Amino acid sequence: MADKTHIDFLIVGAGFSGLVMAEQLSNAGWKCVIVDKRDHFGGNAYDRKDEAGVLIHPYGPHYFRTNSPRIVGYLSRFTDWHPVDYTIKSHAAGRYWSFPINLNTFEEWIGRPATTAEFETWLEEHREKIDKPANSEEVIISQVGRDLYELFFEGYTLKQWQRHPRDLDPSVCGRIPIRTNRDDRYLREEFQALPREGYTAMFQRMLESSPGAELHLGVDFEEAKNRWSYTHLVYTGPIDEYFDRCYGPLPYRSLRFEHESFTADELVEREAISGKQGFWQPAMQVNYPEADVPFTRIVEIKHATGQQTDATTIVREFPKAWTPGDEPFYPVPAADAKELYQRYAALAAGEENTTFTGRLATYRYYNMDQVTGMALTEAAKLLERFGVRERA
Ligand code: FAD
Ligand code: UDP
């Protein structure tokens, strides 16, 4: 085999985490090589146009949101923004519901107009008084009671995680806001917007702003180890895989996506349902919490991207257990999984010259802004250790 080329940093994974690290380290003068086993960069946030010309999120909908001006400031160096009030619906008992639960949902539930005060009184009467919710069931029934929990949360969560909400961290269902006013936005964060030209365009600019960083697609970590020697490794893949699953596999949830595209003509008869010309359903996302529907949600991302095109594409998401060969989309936020992760984290702490960062390497159910923040922090630690190098 030919001699290995020596580089400063080998970065495994070209998602948010790897690309932010590369941008920071290469701008400090360090020679970075980024590898990804996929044939594109962007990780799970990658977007592209499909055969119908519709901009889609192939790995599930990615709604950028954050409360951090620092993260917005950083990413704004690579993109402008398309502000979106992310609104969705839930479909249960044969009808669409305003969701997440808000005053409109309450009116739909009781079948007549109501006020915030009336809804608050109703909640006080129906919610179960639990001081410190210990799991995802308690976090919802302590806010809205059992009926609304069973309608919107129990079945969805069982499908998504193949675990009862009682066996999941409160943070899982606790992600979903519950409001007594008419604010029906799905997310709570202050800043809600998509990169104006999409995530892939933003990552492209990030790469162009990473002097000398080399990207090698279709190259996995094993192959990279044979091609390069390096001073330091940044690893953003699954932590159990790094350690050959020596303590057994960490649990992940995976997904199967089913895409369907429609022409303008085909959409005409859907107008009564979608309420808009050129769309298939009434919102960018419709959740299907009922057990007899095999998917959890249908996403029509065109509602959010604002793309002007006659055709549309919808994507049904079918959750499944992760088995080798599947994408490990979700770490499982539950006590047993965390315990196993801690054993791998202890090995990682003893690993010299290696940084583990990102959703998979730290086994955290983290959003894009959170992994960006983590990568900026990890890069700052490395720059404190290695300093800045004058470029030749
Ligand atoms: P990833 O994006 O997973 O990137 C890791 C990369 O490493 C991958 O490209 C992978 O191919 C590569 N890799 C792994 N192992 C190896 C190896 N051995 N060799 C080479 N390459 C390797 N966040 C939000 O903020 N808003 C949302 O609405 C949202 N929706 C989501 C919906 C779904 C269905 C999923 C799964 C996630 C969602 N997220 C959302 C989370 C978001 O995807 C992550 O926070 C973010 O993409 C994580 O970036 P990352 O770089 O850490 O990991
Ligand atoms: N959830 C639910 N019903 C819904 C939407 C969400 O029970 O209609 C629960 C479910 O357990 C889900 C979690 O809340 O996994 C978080 O939902 P979110 O939409 O934030 O999940 P993600 O987009 O990360 O898949």
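Modeller: Welcome! Before we look at this predicted model, one convention: Ala, Val, Leu, Ile, Met, Phe, Trp, Tyr, Cys and Pro count as nonpolar, Asp, Glu, Lys and Arg as charged, and the others, Gly among them, as polar.

Biologist: Thanks! Which class of residue has seven members in the shell around ligand 2?

Modeller: The residues around ligand 2 include Ser90, Thr157, Gln160 and Asn287, and the shell has four polar residues. Arg175 is also among the residues there, where one residue is charged. Phe152, Val172 and Pro289 are some of the others around this ligand. The class with seven members is nonpolar.

Biologist: And which helix gives the most to the shell around ligand 2?

Modeller: Two helices each supply at least two residues of this shell, helix 6 (146–161) and helix 7 (170–174). Among the residues around the ligand are Phe152, Phe153 and Tyr156. With five residues, the element that gives the most is helix 6.

Biologist: Let's move to the other ligand. How many residues around ligand 1 are charged?

Modeller: In total, 35 residues surround ligand 1, and the closest are Gly15, Gly43, Gly60, Gly237 and Gly358. Elements giving two or more residues to that shell are helix 1 (16–27), strand 2 (32–36) and helix 15 (368–386). By class, the shell holds 17 nonpolar and twelve polar residues, and the number of charged ones is six.

Biologist: Helix 15 makes me curious about Lys381. Is Lys381 buried or exposed?

Modeller: Lys381 is part of helix 15. The cut-off for exposed is 12 or fewer other C-beta atoms within 10 Å. Lys381 has 10 C-beta neighbours inside 10 Å, so this residue counts as exposed.

Biologist: How far apart in space are Lys381 and Asp220, C-alpha to C-alpha?

Modeller: Along the sequence, Lys381 and Asp220 are separated by 161 residues. In space, their C-alpha to C-alpha distance is 26 Å.

Biologist: Now the sheet. Which strands stand at its edges?

Modeller: The sheet is open, has seven strands with mixed pairing, and follows the order 8-7-13-14-15-12-16. A strand at an edge has a single partner, so one side of it is left without a neighbour in the sheet. The two edge strands are strand 8 (95–99) and strand 16 (330–331).

Biologist: What residue in the turn between strand 7 and strand 8 has a positive phi?

Modeller: Strand 7 (residues 88–92) runs antiparallel to strand 8, joined by five bridges. Within that pairing, Lys89 has Ser98 as its bridge partner. The two strands form a hairpin with two residues between them, and the one with a positive phi, of about 50°, is Ala93.

Biologist: What is the bridge partner of Val286 in strand 14?

Modeller: Strand 13 (residues 285–287) and strand 14 (residues 297–299) are paired in the antiparallel sense over three bridges. In strand 14, the residue that bridges to Val286 is Ile298.

Biologist: What about the interior: which helix gives the most to the largest nonpolar core?

Modeller: This core has 87 residues, of which Phe9, Ile11 and Cys32 touch the most other members. With seven residues, the element that gives the most to this core is helix 6.

Biologist: Last one! How far apart are the C-alpha centres of domain 1 and domain 2?

Modeller: The domain assignment gives domain 1 as 5–52 + 67–75 + 193–250 + 331–386 and domain 2 as 118–174. The largest nonpolar core draws at least three residues from each of these domains. Their C-alpha centres are separated by 34 Å.

Terms used
Residues numbered from 1 in each chain as written. Chains lettered and ligands numbered in written order. Predicted model: local features only at pLDDT ≥ 70, side-chain atom pairs only at ≥ 80, totals over all residues. Near = placed C-beta within 6 Å. Helix = DSSP H or I, 4+ residues; strand = E, 2+ residues; numbered from the N terminus. Domains from an automatic or database assignment. Buried ≥ 20, exposed ≤ 12 C-beta atoms within 10 Å, placed from the backbone. Pairing = 2+ DSSP bridges. Core = buried A, V, L, I, M, F, W, Y, C linked by C-beta atoms within 7 Å.
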